[in-house]
Amino acid sequence: MPPDRVVTQRDGYLVVRSPGNPAHYWGNLLIFGSPPVEGDSARWEQLFDDEFGDEPRVRHRTFAWDRTNGDFGRAREEFVAKNGYDLDESIGLVARPEQLHHHERESRDVVVRPLDPAPGADAELWEAVVELQVAGRDEAHDEAGYRVFVGESLAARRVGFESRPGAWYVAIDPSSGDVAASCGIVVTDGRGRFQAVDTALTHRRRGICSRLIVDAAEHSVAVHGTERFVIVADAGYHALGLYESLGFERAEHVVGVCRWPRDHA
């Protein structure tokens, strides 16, 4: 969730807003107590329009439900088949510092370090992180719009890191100086939540991501006293197996749906 999120309790659902980044699909959404049943698509969409209709920059609709057991309910029938939503199925994994370990095939070449969040500091590296995320986007996202979204998201993170525990990390290829991979860790009450783990297309399958994750976690423990880590992976994505190989264990299976304009990030 973005650092400026605002959560409001309604009768039967939560409204999550991110005023600083209204184009963030999973930062502006409705969360219900139960998965959808027959007929919920029209009702939920109306509630979403009632809540976000006064913000023209919110051009998507996103819904989630407060269940961690992978209960789809009627999501496929009501939202995917009927209205063209994307189904988001993710696995939440957790690990304590002593559970994490370096992978035997991790890269020994890259240099992992946190970025300085102060205004003007590490400017080229912060911009490289933006470009890394833009390059790895879903091709259906407009490049220019997505660059704005990522820039605003990272800018908000930088402000947060100046006053709150956490950091953004990069793995730098020493031969070229390029940012080969990056991720953030936001620490709240001893819990470190990984953000946007990305590896450059040209640097994948070299053990860079596994090195980055463990080095970042070790730094977070040493500097911020992090006691537990959380990381999320798409249910069908190869990163799930990678995270488990580093010591993370599955804890939650979460489902949601999102529909976004294909001409805009």
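Q: What share of the protein chain's accessible surface belongs to carbon and sulfur atoms?
A: Bear in mind that this is a predicted model. The accessible surface of the protein chain adds up to about 13,000 Å². The part that belongs to carbon and sulfur atoms is 47%.

Q: What radius of gyration does the protein chain have, set against a compact globule?
A: Start with the chain length, which is 265 residues. A compact globule with that many residues would come out near 18 Å. The value for the protein chain agrees with this, at 19 Å.

Q: What box do the C-alpha atoms of the protein chain fill?
A: The box is taken along the principal axes. Its dimensions are roughly 55 × 35 × 35 Å.

Q: How much of the protein chain is buried?
A: A residue goes in the buried class when its relative accessible area is under 20%. Run that over the 265 residues of the protein chain, and the buried ones make up 47%.

Q: What percentage of the contacts with a separation of 6 or more is between residues 24 or more positions apart?
A: Take the contacts in the protein chain whose separation is 6 or more. Among these, residues 24 or more positions apart account for 67%.

Q: How far apart are the centres of the positive and negative side chains?
A: The protein chain carries 30 positive side chains and 44 negative ones. Each set has its own centre, and the two centres lie apart by 1 Å.

Q: How many strands does the protein chain have?
A: The secondary structure has two parts to tally, and helices account for 6. The strands come to 11.

Q: In which sense do β5 and β10 pair?
A: Strand β5 covers residues 86–95 and strand β10 covers residues 228–234, with 6 bridges between them. For one residue-level partnership, alanine 95 is bridged to phenylalanine 229 in β10. The sense of the β5 and β10 pairing is antiparallel.

Q: Which residue in β10 is the bridge partner of arginine 193?
A: Strand β9 spans residues 191–199 and runs parallel to β10, with 3 bridges joining the two. Arginine 193 has its bridge partner in β10, and that partner is valine 230.

Q: Is isoleucine 31 buried or exposed?
A: This residue sits in strand β3, residues 29–32. Leaving out residues up to four places away in sequence, isoleucine 31 touches Tyr13, Leu14, Val16, Ala64, Trp65 and Asp66. Its relative accessible area is 19%, and the cut-off is under 20%, so isoleucine 31 counts as buried.

Q: What distance separates the C-alpha atoms of isoleucine 31 and cysteine 258?
A: Along the chain, isoleucine 31 and cysteine 258 are 227 residues apart. In space, their C-alpha atoms are separated by 12 Å.

Q: Which residues does glycine 73 touch, not counting those up to four places away in sequence?
A: Glycine 73 is in the loop between β4 (61–65) and α2 (75–83). Its relative accessibility is 38%, so glycine 73 counts as partly exposed. The residues touched by glycine 73 are Pro35 and Pro36.

Q: What is the relative accessible area of aspartate 189?
A: Aspartate 189 lies in the loop between β8 (179–188) and β9. Although not a glycine, aspartate 189 has a positive phi of about 50 degrees. Aspartate 189 is exposed, with a relative accessible area of 79%.

Definitions and conventions: Residues are numbered from 1 along each chain as its sequence is written. This is a predicted model: local features need pLDDT of at least 70, side-chain atom pairs count only at pLDDT 80 or more; totals for chains, interfaces and linings use all residues. Side-chain values use heavy atoms; hydrogens and water are left out. Helices (H or I, at least four residues) and strands (E, at least two) are DSSP runs, numbered from the N terminus. The radius of gyration is taken over C-alpha atoms; the globule rule is 2.2 Å times the number of residues to the power 0.38. Buried means under 20% relative accessible area, exposed over 50%, partly exposed in between (1.4 Å probe, protein chains only). Contact means heavy atoms within 4.5 Å. Accessible areas come from the Shrake-Rupley method with a 1.4 Å probe; for residues, only the protein chains shown count as cover. Lys and Arg count as positive and Asp and Glu as negative; His and the chain ends are not counted. The place of a charge is taken as NZ of Lys, CZ of Arg, CG of Asp or CD of Glu. Two strands pair if DSSP finds at least two bridges between them.
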